[in-house]
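Colleague: Before I rely on the labels attached to this model, I would like to hear the reasoning behind them. Could you take me through it?

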Amino acid sequence: PGVMQATLESGSAGAAEALASLGVEVPVESFVSENPPIEGTDPSTGEVWEVVAPPSASVEVLAKFQRGNPEAAVEVIDVPELPEEIPPLPEGEITANFVQISETNFDQEDLRATHVTFFVPKSWLLENDIHPWGVSFNRYDEDDDSWQAFRGKRVREDENFVYYTATPPGFSLWAVSGRSSVDPVQFRVDDLS
């Protein structure tokens, strides 16, 4: 997958027509390279990206605030199994783990954006026949009592793990899951007025 991603980035991702054709079959976000946010103040907007997850967490969380908040943090708790009152993930999703992410010393309304890096063991991908671009970071929406999937963007790997990123809208119960194929290209529009 790493070689394929590098090839697509250097070839198709730079050619608009090829990118458009391939994008009909595979979500473009899966293979177009990412410029991740960098901790610190954006000189053009004054907004501040801060690392808010503890170093020992199973995910890395960056949060962007209108103004810096050095006290901002998130608590990351591994959840061994899905609580009974929560509906299961959609059919076909194979769960790697659940994690509860909760804000500390700030309100979700203070957030301008989030950027999460999570990882899965390579052994889990192989044992469950998970497609390398079929990994999701799923947020449980308490208001709708449903799961919202944020397809993970594969960004790197090491000897034991494959790392993905997602840009979720906030914090709650999350599930890292995968499927054996890449979802068809979909569009979603929220909060139109």
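The conversation below sets labels against the criteria behind them.

Modeller: Please keep in mind throughout that this is a predicted model.

Colleague: Let us begin with the rings, then: why is the pair of F65 and F106 called edge-to-face?

Modeller: The ring centres of F65 and F106 are 5.2 Å apart and the planes stand at 80°; a pair needs centres within 6.5 Å, and planes over 60 degrees apart count as edge-to-face, so the name follows from both values. The pair is one of 10 aromatic pairs found in a search of the whole structure.

Colleague: What makes F65 and F106 a link between distant parts of the chain?

Modeller: F65 belongs to strand β3, residues 59-65, while F106 sits in the loop between β5 (94-104) and β6 (111-121), and the two are 41 residues apart. Both F65 and F106 are buried.

Colleague: And why is the pair of F98 and W147 called tilted?

Modeller: For F98 and W147 the distance is 6.4 Å centre to centre, within the 6.5 Å that a pair requires, and the angle of 40° between the planes is neither under 30 degrees, as stacking would demand, nor over 60, as edge-to-face would, so tilted is the class that remains. F98 lies in strand β5 and W147 in strand β8 (residues 146-151), so parts that are 49 residues apart in sequence are tied together by this pair.

Colleague: How do you know that F98 and W147 are buried?

Modeller: Buried means under 20% relative accessible area; F98 has 10% and W147 has 13%, so the label applies to each of them.

Colleague: What about K64, why is that residue called buried?

Modeller: K64, which is placed in strand β3, has a relative accessible area of 19%, and the limit is under 20%, so K64 counts as buried. Leaving aside residues up to four places away in sequence, K64 touches E47, V48, W49, D110, L111, R112 and A113.

Colleague: How do you know that R156 lies over the face of Y163?

Modeller: R156 is at 4.3 Å from the ring centre of Y163, and the distance part of the criterion asks for CZ of Arg within 6 Å of that centre, together with a position within 35 degrees of the ring normal.

Colleague: Turning to the sheets, what makes β4 and β8 edge strands?

Modeller: Five strands form an open, antiparallel sheet in the order β4-β5-β11-β7-β8, and β4 and β8 each have a single partner strand, so one side of each is left without a neighbour in the sheet. On average, neighbouring strands of this sheet are turned by 30° against each other, direction ignored.

Colleague: How do you know that β4 and β5 pair?

Modeller: Pairing requires at least two bridges, and β4 and β5 share seven in the antiparallel sense, with V74 having E103 in β5 as its bridge partner. The antiparallel pairing of β5 with β11 rests on six bridges, and F98 has A175 in β11 as its bridge partner. Six bridges also join β7 to β8, where N138 is partnered by A149 in β8.

Colleague: Which strands stand at the edges of the sheet of six strands?

Modeller: That open sheet has the order β1-β2-β3-β6-β10-β9 with antiparallel pairing, and β1 (40-41) and β9 (153-157) each have a single partner strand, so they stand at its edges. Within the sheet, β6 and strand β10 (residues 161-166) run antiparallel and are joined by six bridges, V120 standing opposite V162 in β10.

Colleague: Finally, what makes V74 stand out in the largest nonpolar core?

Modeller: That core has 29 residues, and V74, I101, F118 and F137 touch the most other members. Beyond residues up to four places away in sequence, the contacts of V74 include V52, V61, I101, F106 and F171.

Colleague: And why is V52 called buried?

Modeller: V52, in the loop between β2 (48-51) and β3, has a relative accessible area of 4% against a limit of under 20%, so V52 is buried. Not counting residues up to four places away in sequence, V52 touches V61, A63, F65, A72, A73 and V74.

How values were computed
Residues are numbered from 1 along each chain as its sequence is written. This is a predicted model: local features need pLDDT of at least 70, side-chain atom pairs count only at pLDDT 80 or more; totals for chains, interfaces and linings use all residues. Side-chain values use heavy atoms; hydrogens and water are left out. Rings of Phe, Tyr and Trp (its six-membered ring) pair if their centres lie within 6.5 Å; planes under 30 degrees apart count as stacked, over 60 as edge-to-face and the rest as tilted. Helices (H or I, at least four residues) and strands (E, at least two) are DSSP runs, numbered from the N terminus. Buried means under 20% relative accessible area, exposed over 50%, partly exposed in between (1.4 Å probe, protein chains only). Contact means heavy atoms within 4.5 Å. A nonpolar core is a set of buried Ala, Val, Leu, Ile, Met, Phe, Trp, Tyr and Cys residues joined through side-chain atoms within 4.5 Å. Axes are lines fitted to C-alpha atoms, for helices over the stretch in contact, and angles run from 0 to 180 degrees between N-to-C directions.
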